[in-house]
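Reader: Please take me through the way the strands and helices are joined, and give the contacts between side chains with their distances. I would like one continuous account.

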Amino acid sequence: MNIAIIGLGLIGGSIAKSLKKFTPQHTVLGYDTNEQTMYKARLLDAIDADLTDERLGICDMVIVATWPRAAVDYITPHAAQIRKGAVVMDV
């Protein structure tokens, strides 16, 4: 399963690390607007790769771990790229 996590702060980062630790068969793709947060996620192996617009379409699950306004600002322009049948979860 390909899992996208948008927002790698306290909640999203914790979910990413747990998924990597307990379900290593899944691929975790991450995105955060803060480049230092992205660097830390890569350094800690919390994600397998960066989530790009192109990779969003292969994800079976999309976890949105941002503030409500940021969630709307991300999902609205990217909605057409989300694979039909994918689970989209706001945490």
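Author:
## Strand pairing and side-chain contacts

In this predicted model, strand 4 (residues 61-64) pairs with strand 5 (residues 87-90) in the parallel sense, over four bridges. Within that pairing, Ile63 has Met89 of strand 5 as its bridge partner. Helix 4 (residues 68-78) belongs with these two strands: strand 4, helix 4 and strand 5 form a β-α-β unit, and the unit is right-handed.

The pairing belongs to a wider arrangement. Five strands form an open sheet with parallel pairing, in the order 3-2-1-4-5. Strand 3 (49-50) and strand 5 are the edge strands, each pairing on one side only. Elsewhere in the sheet, strand 1 (residues 2-6) pairs with strand 2 in the parallel sense over five bridges, and Ile3 has Val28 of strand 2 as its bridge partner. As background, strands of a sheet pair through backbone hydrogen bonds, either parallel or antiparallel.

Helix 4 also has a side-chain link to strand 2. The structure holds one aromatic pair. Its members are Tyr31 and Tyr74, with 5.6 Å from centre to centre and 35 degrees between the planes, and the pair is tilted. Tyr31 is in strand 2 (residues 27-31) and Tyr74 is in helix 4, so the pair ties together parts that are 43 residues apart in sequence. The two rings fall into separate accessibility classes: Tyr74 counts as buried because its relative accessibility is 10%, while Tyr31, at 29%, counts as partly exposed.

Ahead of strand 2 comes His26, in the loop between helix 1 (10-22) and strand 2. Its relative accessible area is 17%, so His26 is buried. A polar atom of the His26 side chain lies 3.3 Å from the backbone nitrogen of Met1. Leaving out residues up to four places away in sequence, His26 touches Met1, Ile3 and Asp48. Ile3, one of these, is the residue bridged to Val28.

Asp48, another of those contacts, leads to the charged pairs. In general, side chains of opposite charge can pair when their charged atoms come close. The structure holds five salt bridges. One of them joins Asp48 to Lys20, with the closest N and O atoms 2.4 Å apart. Asp48 lies in the loop between helix 2 and strand 3, whereas Lys20 is in helix 1, so this pair ties together parts that are 28 residues apart in sequence. Asp48 has a relative accessible area of 40% and is therefore partly exposed.

The loop that holds Asp48 also contains Asp45. Although Asp45 is not a glycine, its phi is positive, at about 55 degrees. Most residues other than glycine have a negative phi, and most peptide bonds are trans. The position of Asp45 is just after helix 2. With a relative accessibility of 54%, Asp45 counts as exposed because the cut-off for that class is over 50%. At the start of helix 2, a side-chain oxygen of Asn34 comes to within 2.8 Å of the backbone nitrogen of Gln36.

Helix 2 (residues 35-43) contains Arg42. Which residues does Arg42 contact beyond its neighbours within four places in sequence? They are Glu35, Ile47 and Asp50. The side chains of Arg42 and Asp50 are joined by a polar contact of 3.0 Å. Arg42 also makes a salt bridge with Glu35, where the closest N and O atoms are 3.4 Å apart. Arg42 is partly exposed, with a relative accessible area of 32%, and Glu35 is exposed, at 52%. Toward strand 2, Arg42 and Gly30 are twelve residues apart in sequence, and their C-alpha atoms are 9.1 Å apart in space.

A further salt bridge takes the account back to helix 4. Asp73 pairs with Arg69, and the closest N and O atoms are 3.9 Å apart. Both residues lie in helix 4, four residues apart, about one turn of the helix. Asp73 is partly exposed, with a relative accessible area of 45%, and Arg69 counts as exposed at 55% relative accessibility. A network also exists among the charged residues: salt bridges that share partners join Glu35, Arg42 and Asp50 into one network.

Terms used: Residues are numbered from 1 along each chain as its sequence is written. This is a predicted model: local features need pLDDT of at least 70, side-chain atom pairs count only at pLDDT 80 or more; totals for chains, interfaces and linings use all residues. Side-chain values use heavy atoms; hydrogens and water are left out. Two strands pair if DSSP finds at least two bridges between them. A crossover is right-handed if, with the strands pointing away from the viewer, the path from the first strand over the helix to the second runs clockwise. Contact means heavy atoms within 4.5 Å. A polar contact is a pair of N or O atoms within 3.5 Å; within protein, one must be able to donate a hydrogen and the other to accept it, and residues adjacent in sequence count only if both atoms are side-chain atoms. Rings of Phe, Tyr and Trp (its six-membered ring) pair if their centres lie within 6.5 Å; planes under 30 degrees apart count as stacked, over 60 as edge-to-face and the rest as tilted. Buried means under 20% relative accessible area, exposed over 50%, partly exposed in between (1.4 Å probe, protein chains only). A salt bridge is a side-chain nitrogen of Lys or Arg within 4 Å of a carboxyl oxygen of Asp or Glu.
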